Structure formats: structure tokens, C-alpha cells
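Welcome, and thank you for taking a look at this structure. Please keep the sequence and the 3D view side by side while you read the report below.

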Amino acid sequence: MSYLHWAIVAPLFLSIFIPIFYKVFRRIHTGWFVLPLPILLFVYFLSFLPVTMSGKTMMESMNWIPSLGINFTAKVDGLGLLFSLLITGIGALVVLYSIYYLAKDKEKLNQFYVYLLLFMGAMLGVVLSDNLIVLYAFWELTSFSSFLLIGYWYEREKSRYGAQKSMLITVFGGLAMLGGIILLYIMTGTFSVTEVISQANEIFNHALFVPALICILLGAFTKSAQFPFYIWLPDAMEAPTPVSSYLHSATMVKAGIYLVARFTPVFGEHSLWFWLVSGVGILTLIWGSIFAVKQTDLKAILAFSTVSQLGLIMSLLGVGAAALHYEFLDDNIFTVAVTAAVFHLINHATFKGSLFMAAGIVDHETGTRDIRKLGGLMHFMPITFTISIIGTFSMAGIPPFNGFLSKEMFFTAMVHVIEMDIFNLETLGILFPVFAWIASIFTFVYSMILVFRTFTGKYQPEKLDKKPHEAPIGMLISPVILVSLVIIFGFFPNLLSHSLISPAMASILPSLLGPGEEFMVHISFWHGFTIELFMTLGVVILGIILYKTHSKWKKIYQAIPDKLALNRFYDSLLEGVQLGSHKLTKSYMNGSIRSYLVYIFAFFIFILAATLIGKNAFKLDTSNVSAIGVYEVVLAIFVVVGSISILFVKSRMTSIILLGAVGYTVSLFYVLFRAPDLALTQLVIETISVALFLVCFYHLPKLRKFETRMRFRLTNALISVGVGAMVTLIALSAHSNKLFDSISKYYVENTYTEAAGKNMVNVILVDFRGFDTLFEITVLAIASLGIFGMIKLRLNRRKEG
Amino acid sequence: MRKTNNIILETAIKVLLFMIVLYSVYIFTAGHYYPGGGFIGGLMTAGAIVLLLIAYDIKTVAKILPINYRILTSIGLLFAIGTSAGAIVFNVPFLTHAFGDIQLPILGELSLHTATLFDLGVYFVVVGVTMTIIQTIGEDE
């Protein structure tokens with residue numbers, strides 16, 4: 001194992017020791033033991049910057065299951081490093097924040113940090129694995145640890161609901177992704193992402209290419225809360241706020257973004273990829289932003305806002321994939337979409353993390369997150385207010401914060417879509433900038449609601465449980481660091497362009513780069529009076545108007561959303577599936593043995609008839625049929641008449657005697673067909689079983705001793721006739737299809753010479769095939785012990801007595 | 001328990017019992033050469049005991065034949081598995097029988113076969129099983 005492997009699994013290892021720290025050092029907040037690790041990892045990953053900046057990647061492989069091509073291969077390239085830095089950096093800040101957020105003596109801290117560390121390790125594994133199966137394993141671990149974190153306050157009904165919902169949806173996507181991985185393996189014969197990318201051109205026309213593409217995208221869309229799978233994210237807000245800020249804004253929801261970015265070199269050139277990624281992305285963007293305005297809970301607004309921003313990044317990645325169609329890098333205007341995606345990814349992590357933390361502070365200090373109860377907190381919490389206002393302004397895309405820059409680039413990319421001459425974009429392309437612009441207006445509106453409804457306006461102390469005051473300093477450190485990053489990246493965006501953005505772009509669009517080349521990324525504040533600037537102006541003006549008139553038009557929401565809400569669909573789907581399967585099971589598992597026998601025999605008839613007809617197997621060959629004598633005919637008539645009359649007699653006694661008669665006739669058949677051993681045994685056994693039947697008959701309960709004839713049922717008749725006919729047909733064809741001679745000749749020849757016996761039947765039973773006999777007598781012994789046990793062991797009666 | 005006078009039945013059975021047992025032993029021992037064997041022999045012996053049960057009652061029969069039939073079943077199984085597994089000791093596959101003519105002091109030359117021991121196991125199991133079933137059902141109230 002290399003250092004890189006240790007770095008990935010270090011959080012998993014530390015999680016083993018957390019409960020020990022928790023038990024031994026009761027007086028120290030467990031979070032302090034966790035905090036050094038993400039800091040250390042952050043510094044460690046920073047040391048990779050020179051490697052990726054020079055366009056190189058770092059690969060370390062460790063054998064896991066080499067025979068299946070599954071090895072723990074860790075690969076650090078621009079994209080992986082960007083995500084690792086986000087995970088460890090924000091992870092450290094979140095741990096610090098949680099130390100002050102979660103009380104030492106009230107919360108189950110050992111569990112919290114174990115889950116959090118599991119998640120951190122899993123997330124590092126996802127972004128740094130080159131092997132798809134390992135990636136999938138870590139992917140599911142993020143789902144599970146996220147499930148555990150959402151259900152952290154498991155005594156609350158809503159936490160459990162949210163955890164279950166996110167689990168169902170993300171695991172559904174995860175399994176689809178596994179399907180995609182397997183399809184890719186079938187096409188390329190490798191699990192390595194690097195090798196899959198190198199074979200991308202060969203598999204482009206493969207029949208499995210599109211199914212693999214859809215499966216992978218399902219995984220990405222469910223994880224990244226894209227339309228229509230976003231519904232788990234607002235319910236995941238029941239998790240503690242540090243979790244929401246870490247998992248559900250900065251890291252886990254970006255795993256899908258990572259996946260899309262990672263697979264862009266493989267699938268990017270396909271038109272379906274463009275349409276799905278950018279189309280679903282832009283739909284999610286506008287949907288999320290419109291519904292965020294409706295919410296009244298701070299975290300719910302942030303959740304819908306996250307959904308919307310993820311849609312933005314997704315649509316940028318989709319448009320960026322179109323760049324692969326244009327070979328020349330120098331004037332390839334579409335790479336700006338990828339730049340914007342990567343840049344916004346970083347920006348979103350910074351401002352959304354800080355906003356969640358600010359919302360957590362408000363919740364922590366006032367006892368509510370409902371914006372209808374909040375207001376006028378500006379004077380009580382000036383620092384939180386500052387943090388929030390910077391975060392929201394950046395989210396709304398107002399200069400001079402970093403959100404403005406990424407929003408400008410987003411508009412640039414969307415406007416360029418009109419210029420595309422592929423995939424019918426000459427006509428439909430106009431939708432992209434229009435949707436983007438409308439979504440941005442709504443983003444502006446909910447951003448304003450978020451900050452001004454909470455911090456300005458009328459202070460309503462009577463609605464608050466606690467007297468609000470500023471948060472402790474420890475809780476403020478993390479959001480302050482994040483908003484300073486918002487400002488720093490806003491003013492000096494090119495700090496990142498060479499070190500992080502360009503290498504990440506090189507991983508997303510490797511085919512556009514020649515050897516030694518790199519993407520020249522330059523982000524500038526001022527780029528002249530372009531259409532993007534006017535779009536932003538329009539966003540701000542319309543946004544302000546809409547915000548001011550919000551109270552007048554918000555009633556529209558009451559009419560629309562309930563019908564369009566996908567939650568209702570999800571709930572009824574879940575209920576319907578449960579109810580449906582319950583009904584289905586109940587309909588055929590009705591507890592009556594008769595029905596089960598009907599199923600078994602009907603299936604028996606069906607499958608045998610289908611085989612006989614399908615394989616054309618029926619054959620009738622009379623060449624080796626023996627002559628039929630008069631004795632056989634008489635005995636056969638006896639058996640037939642006996643068996644049939646059993647069905648029609650009224651008394652049970654008569655049927656028992658008829659059954660005995662049939663049995664004795666069978667033993668006569670044995671005599672006739674020269675099987676004395678069988679005849680003897682059959683005779684005695686028949687006697688014993690008739691005696692046992694009589695015992696049963698004698699002990700029938702008096703109450704229900706109706707002497708009635710068997711009722712006629714058409715199903716029963718059809719099925720019995722069918723089974724009889726089937727068995728007859730098969731016996732006839734089997735007899736007509738003798739493929740080779742019997743092996744009985746060997747027994748005839750060797751019974752005396754090899755086994756010193758003259759009774760062949762007995763010699764076969766005890767010598768040639770004595771093994772069967774050994775276990776048949778075991779069966780008898782078990783049967784007798786069973787009867788003994790059933791009769792003697794009467795636990796119920798003893799209890800009653 | 002015994003109310004009726006069954007003197008004819010009881011006397012007849014005293015005679016018949018030995019004939020049936022003898023016949024069942026004959027059928028068992030002749031099994032390797034003529035129809036019969038452990039299974040039918042065992043059933044017939046059990047039939048003889050059942051006749052006793054019909055003539056007398058369960059307690060009397062238990063006094064005449066103080067046999068625990070479940071133990072008889074296990075002895076039978078041990079015989080069968082013993083003869084089968086014994087072959088392994090002589091470095092031949094499981095269930096390989098040995099036979100041959102052996103000179104014994106009093107009886108003279110005899111043709112002996114380990115398959116008979118196996119069959120004896122079958123015989124004991126069948127007697128044990130049949131009697132266990134009939135006895136338990138009979139004792140049940």
C-alpha cells in the first residue's frame with residue numbers, strides 16, 4: 001500500500017478508534033480527535049498540486065482481486081485532486097463547526113463521527129479510484145453513510161423517512177450504475193477508467209453503448225439530485241446541519257457531477273449524452289429555483305437551491321461535452337462551459353457550505369428555521385448576517401463575489417449553445433439561454449428572501465423559543481473561512497485557474513489537448529458590454545421587482561406545486577408497490593393447500609406439454625411392445641375400476657378397502673411380471689398401510705364425520721386428467737425412444753461370480769447398490785422416530801394440563 | 001383389560017407364532033439365493049409380534065419381549081453402517097463386501113458373506129421401525 005492508499009482509507013481506520021476515544025476521554029469533545037485528520041489529508045493532497053499542474057497524473061495500484069481485474073488503483077489527476085481538496089478542506093471545516101454545534105453531553109458523538117469519517121473515506125475513494133468496481137464500492141459506502149447520517153436522530157419520524165427515501169433513490173441509481181459498469185466491462189474488457197477512456201472511440205458504435213450511457217447517467221442523476229430524483233434532498237435536511245452542509249451541499253451530491261465529468265471523455269460525443277446531461281441539468285436548474293422560492297424553511301430553501309445549482313453545473317458539463325465535436329482548441333468556444341462548471345463547482349461548495357452553517361447558527365440560537373417566525377436578527381447576529389449576505393449575494397450572482405463570475409461564464413456558455421450547429425441546436429438551442437435566464441431570476445429572488453426575511457424586517461420575539469444572540473466564536477470560524485474564500489475567489493479568480501481549473505479541465509476533455517498543451521483559463525471581471533452583462537442586469541432588475549412583489553404573487557404557488565410535486569408521486573408509488581405486492585401475494589398465497597397443488601400441477605402440465613410440443617418429442621413406437629395376455633387385461637381392469645370407483649364412493653371405509661384392493665392387485669401384477677420380492681413386500685406393506693388408514697378413519701372427529709361424496713370441481717377434473725394424460729404421453733414417448741440397451745445384463749452375468757448370490761434383486765439391494773439401502777433404512781428409522789416424537793411429545797397438552 | 005375369553009386365538013397363536021418366526025428367519029437367510037431378504041423377513045417377524053399384540057395386550061407383550069424397538073432400530077443402523085464402513089479398514093472402497101467358504105469347527109464348510117450382516121441390519125431396522133410405529137399408535141389414547 002502506498003501513501004496514497006493510506007490517505008484514502010485513513011478516515012475508515014480512524015473511525016475504528018473513535019468509540020474508544022469517546023469512551024476514554026469523556027471530557028474532551030470527540031470532534032477534536034477527528035479534526036487533525038482532514039487537515040493533514042488536505043495538506044497531503046495540496047502536495048499533489050505541482051504534479052497535476054504539469055499535466056501529469058499519479059497512479060498507484062494495489063492488488064485486490066487480480067484474477068477478476070479488480071484492483072484498488074488510486075489515480076490522482078486534476079479532477080480527482082480538485083474533489084479531494086474539496087472533501088478534505090470542507091470536511092475539516094465541518095468537523096470544526098460540528099464541535100461547537102453538537103453538544104458533548106446530549107448527542108451520541110461517537111456514532112456521529114464514525115459515520116462522518118466513513119463518509120469522508122468513501123468519498124475520497126470515489127473520486128480517487130481508477131477501478132470502476134472499487135469506485136462502485138465506495139459509491140455505495142457514501143450512500144450508506146449518508147443514510148446513517150440523515151437518520152442520526154433516529155427517534156424522529158421525519159429523519160427515518162428522509163433516510164429511507166435517500167437510501168432507496170441513491171441505491172437505485174447506484175445499482176443502475178453498477179449495471180453500466182458491467183456493460184462497459186463487456187464492451188472494453190477492463191474495469192480501469194483510464195483504459196475505458198482510451199477505448200472510447202472503439203465502443204462508440206457498440207450496441208451496448210447507449211444502455212451503458214443511460215445506466216451511468218441514472219447513477220449520476222440520482223446521486224446528484226437531478227430531476228426527477230431530486231426529491232430525496234429536501235427530506236435529507238432532517239440531518240444535523242453540519243451533515244447537510246458537508247454531504248448535501250458540498251460533497252456527496254457532487255459525486256454525480258464527478259461521475260458525469262469523469263465519463264465525459266467516454267460518452268461525451270454522443271448526442272444522447274448532450275441532451276440528457278444538459279437537458280436534465282437545465283430542467284433541474286429551473287425547477288429547483290422556482291420551488292425554492294416557495295419554501296419557508298431555511299434549510300429547505302437551501303436544499304432546493306442546491307438542487308438548482310447542481311442542475312446548473314450538470315447542464316454546463318453537458319454543453320461542455322459538445323466541445324468534443326470541435327477539434328480545434330484555439331477557437332473552441334465551448335470549453336468555456338467546462339471552465340464554468342469546474343469554477344462553479346468550487347464556488348458552490350464555498351458559498352453553500354457557509355450558508356448552511358449560517359442557517360445552522362440561526363437554528364441553534366433561535367430554535368427555529370421557519371422564515372415566517374424569523375426577522376430582524378441583524379442586530380443580534382451581525383457576523384452571521386455578514387456571512388449570510390456574502391453567501392447569498394454570491395449565490396445570486398452579484399458582483400464582486402465569485403458567484404457573479406461563474407454566473408457570467410454560465411451565461412456565456414448558454415449563449416454559445418445557440419451557435420452550435422449539431423443536434424438540431426440551431427432551433428432548439430434558444431431554449432437554453434432563456435431557461436438559464438429565468439432560473440437565474442428565481443435564484444436571485446430566493447437568495448434575497450433567504451437573507452432579508454431572516455435578518456431584516458420586524459423582530460418577532462414572541463414566536464421564538466430562545467432569546468437570540470450571536471453564536472460562539474468556534475461556530476463562526478468555519479463559515480468565516482468559507483466566505484473569505486468566496487471573496488478571495490471573487491477578486492482573484494485566477495488564483496485557481498492555473499492550479500485547479502485547468503488540470504481538472506484536462507481530465508474532463510483530454511482528447512482536445514495535444515502533448516504538452518494545457519487549457520488557458522482566464523477569468524476576468526470585466527469583459528466589455530456583452531450580452532451576458534445585460535442578462536445579469538436583467539436578472540437583478542427583474543429579481544428586485546419580483547422580490548418586492550413577492551407577497552402578491554406567491555399565492556400562485558398554492559395552486560400549482562401540489563399537483564406537480566414529485567413527492568406525492570414517490571409516496572404513492574411506494575405505497576402502491578407495497579399494497580400491490582401485498583395484494584398480489586395475498587391473491588395467490590391464500591393458504592389453501594388445494595390451490596398450491598393446483599399451481600404445481602398446472603405448471604407441471606404446462607411445462608411438460610410445452611416441452612413435448614416445442615421439442616417435437618412425442619413419438620409412438622410399437623416395435624418393442626410385448627404381447628398382452630388375458631391376465632394382464634383382467635388385472636388392469638381391476639386396477640382401473642378400483643381406482644375410479646374410489647372417486648365416486650360415498651363412504652370413506654369403502655374407499656380405504658378399494659385402495660387396499662388396488663394395492664393387492666398391484667402385488668398380483670408383480671407376481672405376473674415375475675417379481676417375487678416385490679410381490680411379497682407389496683403385500684405386507686399394503687396390509688400395514690390399510691391398517692393404518694383404518695386407524696385414522698376410526699379416530700376421525702365425530703363432529704365432522706359427514707359421509708359425503710367428493711364434490712365435483714371442474715379445475716380439479718381438468719388438472720387430474722391433464723396430469724394423467726401428460727404422464728401417459730411421456731411414458732409412451734420415453735418407451736419409444738430407447739436410445740441404448742439396459743445395463744441389467746451386467747447384473748445377470750455377475751450376480752453369482754462377483755457377489756456370490758443368486759437372488760439378483762437382493763444382491764443389487766445389499767451389494768451392488770447397497771448405498772441406497774443404507775439410506776432407505778435411515779429414512780424408515782427417521783419416520784418411526786418422527787411418529788414416536790409426534791405422539792409422545794405433546795408440549796401444548798402439558799401446558800394446558 | 002381382558003374381558004373376553006380368547007382361548008382359541010391364544011392357543012392358535014402359540015403354535016402359529018413359531019411357524020411365522022421360523023418362516024421369516026428362513027426368508028431372511030435365504031434372501032441371497034431365493035426371494036426374500038432382510039426387508040420382508042423383518043416385516044414378517046414384526047407381523048408375528050403384531051399377532052401377539054392382537055391376542056394379548058401391549059403390557060403382556062412388553063413383558064414377554066422386553067425389547068426397546070428404538071434401540072433395535074439403531075442397532076440395525078449400526079450393523080449396516082458398520083459392515084459398510086468396515087470395508088475401509090481393509091483398504092477397499094466403502095461397502096465392498098467379502099465372501100468365501102470358511103471351515104468352521106462344528107458346522108463344517110460354510111459359505112459366508114458380509115452382505116448378510118448388512119441385511120441383518122436391514123432386518124433389525126425394519127422390525128424396530130414397524131414395531132415402534134404400531135406400539136406408539138397403540139399406546140396412544
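For chain B, an unreviewed UniProt entry gives the annotation "transmembrane region" to residues 7-28, 34-55, 67-90 and 110-134. UniProt positions follow the numbering used here, feature names are shortened, and annotations may be inferred rather than shown by experiment. This is a predicted model, where local features need pLDDT of at least 70 and side-chain atom pairs count only at pLDDT 80 or more, while totals for chains, interfaces and linings use all residues. Residues are numbered from 1 along each chain as its sequence is written, chains are lettered from A and ligands numbered from 1 in the order in which they are written, and side-chain values use heavy atoms, with hydrogens and water left out.

UniProt, again in an unreviewed entry, lists residues 8-132 of chain B as "domain: Na+/H+ antiporter MnhB subunit-related protein". Here is how that domain and two of the transmembrane spans look in the model. Helices (H or I, at least four residues) and strands (E, at least two) are DSSP runs, numbered from the N terminus.

| Span of chain B | Helix | Strand | Distance between end C-alpha atoms |
|---|---|---|---|
| Residues 8-132 | 70% | 10% | 28 Å |
| Residues 34-55 | 82% | 0% | 32 Å |
| Residues 110-134 | 84% | 16% | 37 Å |

Where does chain B have paired strands? Strand E1 (residues 99-104) and strand E2 (residues 108-113) of chain B run antiparallel and are held in register by six bridges; two strands pair if DSSP finds at least two bridges between them. The link from E1(B) to E2(B) is a hairpin of three residues. Across the pair, B:Leu104 faces B:Gly108 in E2(B).

Now turn to chain A. An automatic or database domain assignment supplies the domain bounds, and chain A is divided into domain 1 (269-513 + 532-550), domain 2 (593-748) and domain 3 (749-800). Taken over C-alpha atoms, the centres of domain 1 and domain 2 of chain A are 79 Å apart.

Some residues of chain A are hidden from the surroundings. Buried means under 20% relative accessible area, exposed over 50%, and partly exposed in between (1.4 Å probe, protein chains only). In helix H12 (residues 241-250) of chain A, ten of its ten residues are buried. Among them are A:Pro242, A:Tyr246 and A:His248.

Next come the charged pairs. A salt bridge is a side-chain nitrogen of Lys or Arg within 4 Å of a carboxyl oxygen of Asp or Glu, and the count comes to eight salt bridges over all chains. One of them joins A:Asp77 and A:Arg262, at 2.7 Å from N to O. A:Asp77 lies in the loop between strand E2 (70-76) and helix H5 (78-101) of chain A, and A:Arg262 in helix H13 (residues 253-267) of chain A, so the pair ties together parts that are 185 residues apart in sequence. A:Asp77 is buried, at 4% relative accessible area, and A:Arg262 is buried too, at 5%.

A:Glu157 and A:Arg160 also form a salt bridge, at 3.8 Å from N to O. Both belong to helix H8 (residues 157-188) of chain A, where being three residues apart separates them by about one helical turn. A:Glu157 is exposed at 56% relative accessibility, whereas A:Arg160 is partly exposed at 41%.

Which salt bridge involves B:Glu139? B:Glu139 pairs with A:Lys792, with the closest N and O atoms 2.9 Å apart. B:Glu139 lies in helix H5 (residues 114-139) of chain B and A:Lys792 in helix H35 (residues 770-792) of chain A, so the pair joins two chains. B:Glu139 is partly exposed at 36% relative accessible area, and A:Lys792 is partly exposed at 41%. Elsewhere, salt bridges link A:Asp297, A:Asp363 and A:Arg369 in a network.

Finally, the aromatic rings. Rings of Phe, Tyr and Trp (its six-membered ring) pair if their centres lie within 6.5 Å; planes under 30 degrees apart count as stacked, over 60 as edge-to-face and the rest as tilted. The count comes to 43 aromatic pairs over all chains. One of these, A:Tyr152 with A:Trp153, is tilted, with 5.7 Å between centres and 55° between planes. A:Tyr152 and A:Trp153 are both buried. Ring pairs also link A:Phe204, A:Phe209, A:Phe263, A:Phe267 and A:Trp273 into a cluster.

A charge sits over a ring if NZ of Lys or CZ of Arg is within 6 Å of the ring centre and within 35 degrees of the ring normal. The charged end of A:Lys108 sits over the ring of A:Tyr152, 5.2 Å from its centre. Between the chains, B:Arg70 lies over the face of A:Phe788, 3.8 Å from the ring centre.
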